[in-house]
Amino acid sequence: MELDISKDSLPVYEVLASETRLNIIRLLGIEKRNISEIATELGLSNAIITRHIQKMEAANIVKSEKIPGKSGIQKLVFLSVDDIHIRFPEKIYRAFNLHTTDLKLGHFTTFDVSPTCGLATKNGIVGKSDEPKFFMDSNRVDAALLWFSKGFVEYKIPNLLQDKQHAEMLEISFELSSEFPLSNNIWPSDISIYINDIKIGVYTVPGNFSDTRGRYTPTWWDSHFSQYGLLKHLRINTLDSGMDGEAFSKVTINELKLDKNPFITLKFAVEKQSPNIGGLTLFGKGFGNHDQDIRVNLYYVDN
């Protein structure tokens with residue numbers, strides 16, 4: 001589950017701000033339990049536990065199912081979330097000038113992908129799932145969702161630097177998850193990121209998320225499939241490269257030779273030699289939790 005600091009996330013924060021509900025989460029982390037078992041374990045009444053469970057269900061922290069028991073139908077409660085990520089506002093670097101490019105997912109210039117794979121627009125699947133040839137379908141340019149198990153997609157981004165403009169930092173933000181035939185919140189995948197054919201680093205995305213419906217995911221998309229990803233910010237500056245403010249690699253922006261190239265190439269790859277080959281899903285405008293495509297910010301100064 002991914003949270004931000006908007007009011008939409010308040011129900012989850014309210015659930016977590018209770019010692020009793022935290023104890024319930026610990027119990028359910030071991031196994032599914034019914035209301036009576038939880039109440040007995042915590043020394044509280046069934047009525048009190050029921051009210052807590054209702055609040056937790058409303059926040060999509062737990063789910064329940066009814067199954068036959070010895071004394072009739074019983075309600076079993078279980079966790080619907082494996083982990084929670086909190087996204088804070090991105091830091092803006094106001095000391096620099098800025099060129100911005102929004103790159104649509106379907107505007108890749110070359111690819112080599114293996115099933116499971118596919119593309120989807122906000123209105124439907126492009127061609128047919130699990131057939132790489134449809135990555136060349138004319139409707140791919142409108143893709144708002146892209147997924148594959150192994151391989152890569154590569155983009156060309158216009159380099160908007162003018163004469164006497166010097167690049168200080170390149171920031172690329174994107175929403176991604178791993179790829180599983182249905183969904184699996186714990187399904188790590190090593191995503192290699194290349195810029196201008198230089199390997200910036202490898203980010204291990206933890207899973208392929210469907211515990212809650214994506215904020216912008218269209219209603220026709222099956223709720224059992226991946227619903228959203230994590231919004232990541234890759235920043236390459238004059239000192240090193242970072243991902244979400246943490247060290248990522250020692251590659252600097254000067255190594256990318258931006259002043260000598262009319263385009264910036266960007267490649268996302270799931271490589272066969274990686275320890276975690278869990279695929280890649282990219283979310284664009286109209287899918288997931290963030291209403292954006294791949295956003296490229298190039299910060300510069302005038303010489």
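**Exercise 1. Two rings side by side**

Task: Decide whether Trp187 is buried, exposed or in between, and describe how its ring sits against that of Phe180.

Solution: Start with Trp187. Its relative accessibility is 31%, so Trp187 counts as partly exposed, because that class lies between the cut-offs of 20% and 50%. Keep in mind that we are working with a predicted model.

Now take Phe180. Its relative accessible area is 23%, so Phe180 is partly exposed too.

Next comes the geometry. A pair of aromatic rings is described by the distance of the centres and the angle of the planes. For Phe180 and Trp187 the centres are 4.7 Å apart and the planes stand at 70°. Edge-to-face needs an angle over 60 degrees, so this pair is edge-to-face.

To widen the view, the whole structure holds 13 aromatic pairs. There is also an aromatic cluster, formed by Trp147, Trp220, Trp221, Phe225 and Phe287.

**Exercise 2. Building a sheet**

Task: Work out the order of the strands in the open sheet of five strands, and find which strands lie at its edges.

Solution: Follow the pairings one at a time.

- Strand 7 (110-114) pairs with strand 10 (residues 150-158) in the antiparallel sense, over five bridges. One bridge to look for joins Val113 to Gly151 in strand 10.
- Strand 10 also pairs with strand 17, again antiparallel, and here there are eight bridges. Val153 faces Phe268 of strand 17.
- On to strand 12 (residues 189-195), which pairs with strand 17 in the antiparallel sense over four bridges. Ile193 is the residue that stands opposite Phe268.

Put together, the order is 7-10-17-12-13. The edges are strand 7 and strand 13, since each pairs on one side only. On average, neighbouring strands in this sheet are turned by 20° against each other, ignoring direction.

**Exercise 3. Around strand 17**

Task: Find out how many residues of strand 17 are buried, and locate two lysines whose charged ends sit over rings.

Solution: Strand 17 covers residues 263-270, and seven of its eight residues are buried, so the rest of the structure largely encloses this strand.

Now look for the lysines. The charged end of Lys156 sits over the ring of Phe263, at 5.5 Å from the ring centre. In the other case, Lys267 has its charged end over the ring of Phe152, 5.0 Å from the centre.

**Exercise 4. A residue in a loop**

Task: Place Gln227 in the chain, classify it as buried or exposed, and list its polar contacts.

Solution: Gln227 lies in the loop between strand 13 (198-205) and strand 14 (230-237). Its relative accessibility is 1%, so Gln227 is buried.

Then check the polar atoms of the side chain. The side chain of Gln227 reaches the backbone oxygen of Asp222 at 3.1 Å. The backbone oxygen of Phe225 also lies 3.1 Å from a polar atom of this side chain. Beyond four places in sequence, Gln227 touches several residues, including Phe209, Arg213, Trp221 and Phe283.

**Exercise 5. Far in sequence**

Task: Which residues does Leu103 contact, leaving aside neighbours within four places in sequence?

Solution: First find Leu103 in strand 6 (residues 97-103). With a relative accessible area of 6%, Leu103 is buried. Its contacts are Tyr155, Lys156, Ile157, Asp293 and Ile294. Finally, compare sequence with space: Leu103 and Arg295 are 192 residues apart in sequence, yet their C-alpha atoms are 6.1 Å apart.

Methods:
Residues are numbered from 1 along each chain as its sequence is written. This is a predicted model: local features need pLDDT of at least 70, side-chain atom pairs count only at pLDDT 80 or more; totals for chains, interfaces and linings use all residues. Side-chain values use heavy atoms; hydrogens and water are left out. Helices (H or I, at least four residues) and strands (E, at least two) are DSSP runs, numbered from the N terminus. Buried means under 20% relative accessible area, exposed over 50%, partly exposed in between (1.4 Å probe, protein chains only). A polar contact is a pair of N or O atoms within 3.5 Å; within protein, one must be able to donate a hydrogen and the other to accept it, and residues adjacent in sequence count only if both atoms are side-chain atoms. Contact means heavy atoms within 4.5 Å. Two strands pair if DSSP finds at least two bridges between them. Axes are lines fitted to C-alpha atoms, for helices over the stretch in contact, and angles run from 0 to 180 degrees between N-to-C directions. Rings of Phe, Tyr and Trp (its six-membered ring) pair if their centres lie within 6.5 Å; planes under 30 degrees apart count as stacked, over 60 as edge-to-face and the rest as tilted. A charge sits over a ring if NZ of Lys or CZ of Arg is within 6 Å of the ring centre and within 35 degrees of the ring normal.
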